[in-house]
Amino acid sequence: MEALQEIVRKVWGYDEFRPLQSDAIEAVLAGRDSVVVLPTGGGKSLCFQAPALAMPGTAVVVSPLIALMHDQVDALVEAGVAAAYVNSTLSPDERRRTADDVRAGRIKLLYLSPERLTTERTLDFLETIGPSFFAIDEAHCISEWGHDFRPEYRMLSLLKERFPDTAVHAYTATATERVRRDIARELHLVNPVVHVGSFDRPNLVYRVERRTDRMAQIRAVVDRHPDESGVIYCMRRADVDEVCAALVELGHKALPYHAGLADDVRTRNQNAFIKDRAKIIVATVAFGMGIDKSDVRFVVHAGAPKSLESYQQESGRAGRDGLEAECCLFYSGADFQMWRSFQKELPAEAAGAAAAILDGMEGYCTGMGCRHRALVEYFGQSLAEEKCLACDFCLDEVELADDSLVTAQKIISCVARLRESYGGDYTAQVLIGSKEQRVVEKGHDKLSTWGLLKAHDKRQVRDWIEQLVGQGCLVKGGEYGVLQITADGRDVMSGDFTPRLLKASERGGRSERSRTRKESKSEKESWEGVDRGLFEALRQWRREKAEARGLPPFIIFGDAVLRDLAKFRPSTADALMQIRGIGQKKRDEYGEELLSVVVDHCRENGLATDMEA
Ligand code: ADP
């Protein structure tokens, strides 16, 4: 382990491990099979890359996507590690050369797709070299219960048959217990060590708003992130094209990504995003698996995804470098209706499971409390802090109605008067005093609760009903979502429990847009002491370097390194050594240039150098 720490310091420039990294690494060094679950950005790659360097021979890494392999191998080679991939992008000659390098022991990490690895030829070849271990990245792809099942991952069960004495290690960010079990079973792992990290991502700020004016809401987020990378997820291709065109019209460098585009266009757009030539990618969920880009500063969902698993995965692409990033979700009741209509086509059992999962998502949207807590609790964990200081609720951005209790009582008593036999839509109609035929025919215009909320429109009342469902005061039952009153709901009636309801929005949702945004804890901390001008100068230097080398900028140095440079402002080689994330090769290669960018900028701007940590 000590030798390994030295390697990590030398190659990656890290002095410390992230939580669970050292445990995960120990399992690899000990040759025990393992399953490691860490959230996106948790630092899974180091868990297999570092021990691969410390152990004799070549480690084989399985990765589902070519783009992902390229990024990881590029980053390793940049850091001075002998890594290679074999996939269809190589010519037969290049493939042969890589095989020779592996045979000669010149490669420490070999990246392969599952299809290639499980061919007879590759398996035979690997038998001759005897890999140090197998690392299965994105291992949830093996499970039908994951959000990204890939049948070719199933073939990996061969590994334990063919290499019974070689350890297999699985890595994923997917949190569910079921997926974890599937991974161990499908891979035939033998008594594996299982490490599950915390799913909370404290550097991400979560915000949720009812979708009222999609473009205005998206613009508000984009405007908060001038010159920063972001992903905007839309539910349909047509939405992608529309939102993208609107952003381009506004002068943003945005590109579309969806399954309707030709493969080469998609690849080109993805590359432009990775290499910072396009700042924003507007995409359907087809986008992102192959994205390791660490400096995504915002992820917007223009519609609600079908599950919190998907949301966690997609929003998790923000802030992988550990710096502050923002995840905004704009939902509408129509999103859930659309998902429900899709579910009708599923077989009964699958439809039931999908419906429960969708309820989880809806509960998150309409929930009235800390978003970080809601997310980790959904995945069966808990949050230690009372306030996360990183969501719209804990930052007090959300305006609550002053008369929540009375409003909730009016709604719940209407549900009671309707004998708990009607859905949210109809209940809202009665509450706003509708004279619609059905209401009159049933005599519900004579109920004492008819028109109790006539000062509001139906959508507002509908929202409040959902908020009460989200807080467990009402539940929806049966196929039609008939509202029923829970024990908590009865406590509301007796005044023993006051639920939280959002302040009524003005027409057109102006109150949503005029929410004041506050700085999150992570945002405050990660900018503390950083000279923004110097940070920009370093980014400019990085951009030029990356352009010249044909590499994505974040592979040269991540934003976290540039922020630290702009904070501590080292002027000597010794001081530069103290900056986390600069390994030996990069120090030799870029050290002098970095120092001169720092020193010149500080001189020109009268800034002190060599700040104390
Ligand atoms: P994951 O695969 O779990 O999403 P990565 O392996 O891509 O995460 O790592 C996320 C980021 O964290 C990368 O930018 C990486 O450089 C950084 N990182 C990983 N381990 C450490 C560490 N021990 N100290 C500092 N930064 C780290």
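This section looks at the meeting of domain 2 and domain 3 in a predicted model, and then at helix 19.

The domain assignment divides the protein into domain 1 (2-196), domain 2 (204-378), domain 3 (404-494) and domain 4 (529-605). Between the centres of domain 2 and domain 3, taken over C-alpha atoms, the separation is 32 Å. Contact between these two domains involves 5 residues of domain 2 and 7 residues of domain 3. The size of an interface is often given as the accessible area lost when the parts come together. Here, domain 2 and domain 3 bury about 620 Å² between them, and carbon and sulfur atoms account for 48% of it. On the domain 2 side, 66% of the area buried against domain 3 is supplied by Arg210, Thr366 and Met368, more than any other three residues.

Charged and polar pairings also feature at this interface. Domain 2 and domain 3 are linked by 2 salt bridges, and 2 residue pairs are in polar contact across the interface. By class, the residues of domain 2 that touch domain 3 comprise 1 nonpolar, 2 polar and 2 charged. Arginine 210 also takes part in a salt bridge, its side chain meeting that of aspartate 463 at 2.1 Å, N to O.

Turning to helix 19, this element spans residues 424-431 and is mostly covered, with 7 of its 8 residues buried. The buried residues are Gly424, Tyr426, Thr427, Ala428, Gln429, Val430 and Leu431. They pack against three helices, namely helix 18 (404-417), helix 20 (437-441) and helix 21 (458-470), and against strand 15 (482-485). Just after helix 19, glycine 433 adopts a positive phi of about 80°.

Key. Residues numbered from 1 in each chain as written. Predicted model: local features only at pLDDT ≥ 70, side-chain atom pairs only at ≥ 80, totals over all residues. Heavy atoms only, no water. Buried < 20%, exposed > 50% of the residue type's maximum accessible area, 1.4 Å probe, protein only. Helix = DSSP H or I, 4+ residues; strand = E, 2+ residues; numbered from the N terminus. Contact = heavy atoms within 4.5 Å. Domains from an automatic or database assignment. Buried area = accessible area lost by both parts, 1.4 Å probe. Salt bridge = Lys/Arg side-chain N within 4 Å of Asp/Glu carboxyl O. Polar contact = N/O pair within 3.5 Å; in protein donor to acceptor, adjacent residues only side chain to side chain. Nonpolar A, V, L, I, M, F, W, Y, C, P; charged D, E, K, R; others polar.
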